Amino acid sequence: MTKKLAGSAAALMSGTLLLGACAGGGPSSAEGAFTDDKIVIGVLNDQSGVYKDLSGPNSVTAVEMAVQDYLEKYGDDAVVTEEQIEVITADHQNEPDVANTKAQEMYDRQGADIILDVPASSAALAVASQADQKKKLHFNIGAATTELTGAQCSPYVFHWAYDTYMLANGTGKTVTENGGKDWQIIYPDYAFGQDMEKSFTEAVTEAGGTVSGSIATPFPNDNFSTFLTKAASGGPDVIGTMQAGGDLINLVKQYNEAGLRDQGISLAVGLMFITDIHSLGVDQFEGTTFTDAWYWDMDEESREWADRFLEEAGSRPSFAHAGNYSAALQYLEAVQATETDDADTIVEDLNGKEVEDVFLRNGKIRAEDHRVIHDVYLAEVKAPDEVTEDWDYQNILNTIPAEEAFQPVDESGCEMG
């Protein structure tokens, strides 16, 4: 399906979004410099399942916003016109085989120069493999596995928003240092959950705590009662949940129904998006500490962009939405700087680049492993009586500087080919 970009295309579940013609034309020096005389940006994510709200169709909206901001910034000096930019999208259903197939279709049949987003670590690793084989770009925003910048790193893959090391380094370390010494971890049994369990165990141990048990669960899953009962049986200080999206919502609901908080067992959330809080309610998460990559109301710049996003999408953005905007914008800035869609040239332009935008604060694209580092934030869910407006759910407790937030490059294990 093809549709002119008009701000309402986020509702599309799959298909192609074609930007309509603009009055101005790019510089003549750029003519013929682009494959098929156009730039194709793919957004591949979960548009129908447990990760739909945190990313999904609204990430397409965020990418559209980046395209429009690029065109507005450069006007007649843009090296590509509006009619030369396509945004295509597909649903990978959180299945690595589906993600693999969709990535092949995007790169080979639809001419994608870059694929963005791809939540679910197993799906992300499949797409990263395709990107590496085809020498096409993948900027990952939605997945957390450190393998993308570790053993499975690639010159064509950049990890943009967050990872399991960053989450554990913030939440696992802080909760343990504040007295949560004995942990039980419940994690989804696939690449993301396995990586989270490993990262949190290391962070808790290094902070002086103990993980006395780890429990793997199916993914996706809607019944966590048995797993919660097992985790609580030893009387830990903390149950750490490594679920995300709809699975996290189900687990938190069942944790509260079981009255575990009243038994003195706190819940530590490894990964949380503002859409999770919105779905279940602040009362269900009140006081929960977690690590956030970005928050829509953390400063004036973020709020201004979030107000625009609200007009386009009908909701406040998660950090995944802001991350997709940032990744698309910085890709287009690289296209502008190099006047080509050649992947190797784009990579050369991005390597080592320092970036400041609405999402990346003190951002830097590490050349050694393509981990994009930036400031991140230790946050706490507000009490219901602290909420002053819809989506006003978080207090930012402190900023974790970019250089401290992410795994040191000499520990990543990446051997860039």
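Helices here are DSSP runs of H or I with at least four residues, and strands are runs of E with at least two, both numbered from the N terminus. With that in hand, you can place Ala 120 in the loop between strand 5 (114-117) and helix 3 (121-134). Please keep in mind that this is a predicted model. The points below walk through two helices, some backbone details and a charged patch.

**Two helices to find first**

- Helix 1 covers residues 56-74, which makes 19 residues. From its first C-alpha to its last it reaches 28 Å, close to the 27 Å expected at 1.5 Å a residue.
- Of the 19 residues of helix 1, 15 are buried, so the rest of the structure largely encloses this helix.
- Helix 4 runs over residues 164-177 and has 14 residues. At 1.5 Å a residue it should span 20 Å, and its end C-alpha atoms are 19 Å apart, which agrees.
- Helix 4 is also largely enclosed by the rest of the structure, because 10 of its 14 residues are buried. Among those buried residues are Met 166, Leu 167, Ala 168 and Val 175, along with the glycines Gly 170 and Gly 172.

**Backbone details worth a look**

- Gly 75 comes just after helix 1 and takes a positive phi of about 55 degrees.
- Ala 120, the loop residue you met at the start, has a phi near 80 degrees, a positive value in a residue other than glycine. Its relative accessibility is 3%, and buried means under 20%, so Ala 120 counts as buried.
- Glu 339 is another residue other than glycine with a positive phi, here near 60 degrees. You will find Glu 339 in the loop between helix 11 (319-338) and helix 12 (343-350). With 30% relative accessibility, Glu 339 counts as partly exposed.
- Phe 219 and Pro 220 are joined by a cis peptide bond, with omega at about -10 degrees. Pro 220 sits in the loop between strand 9 (210-217) and helix 6 (225-232).

**A charged patch on the surface**

- Asp 283, Glu 286, Asp 385 and Glu 386 gather in a patch of negative charge on the surface.
- To find one member of this patch, look for Glu 386 in the loop between strand 16 (376-381) and strand 17 (394-400).
- Glu 386 has a relative accessibility of 36%, so this residue counts as partly exposed.

Methods:
Residues numbered from 1 in each chain as written. Predicted model: local features only at pLDDT ≥ 70, side-chain atom pairs only at ≥ 80, totals over all residues. Heavy atoms only, no water. Patch = residues over 30% accessible without salt bridge, like charges linked within 9 Å, V, L, I, M, F, W, Y side chains within 5 Å. Areas by Shrake-Rupley, 256 points an atom, 1.4 Å probe, with all protein chains shown as cover. Salt bridge = Lys/Arg side-chain N within 4 Å of Asp/Glu carboxyl O. Lys, Arg positive; Asp, Glu negative; His and termini not counted. Charge placed at Lys NZ, Arg CZ, Asp CG, Glu CD. Buried < 20%, exposed > 50% of the residue type's maximum accessible area, 1.4 Å probe, protein only. Expected span 1.5 Å × (residues − 1).
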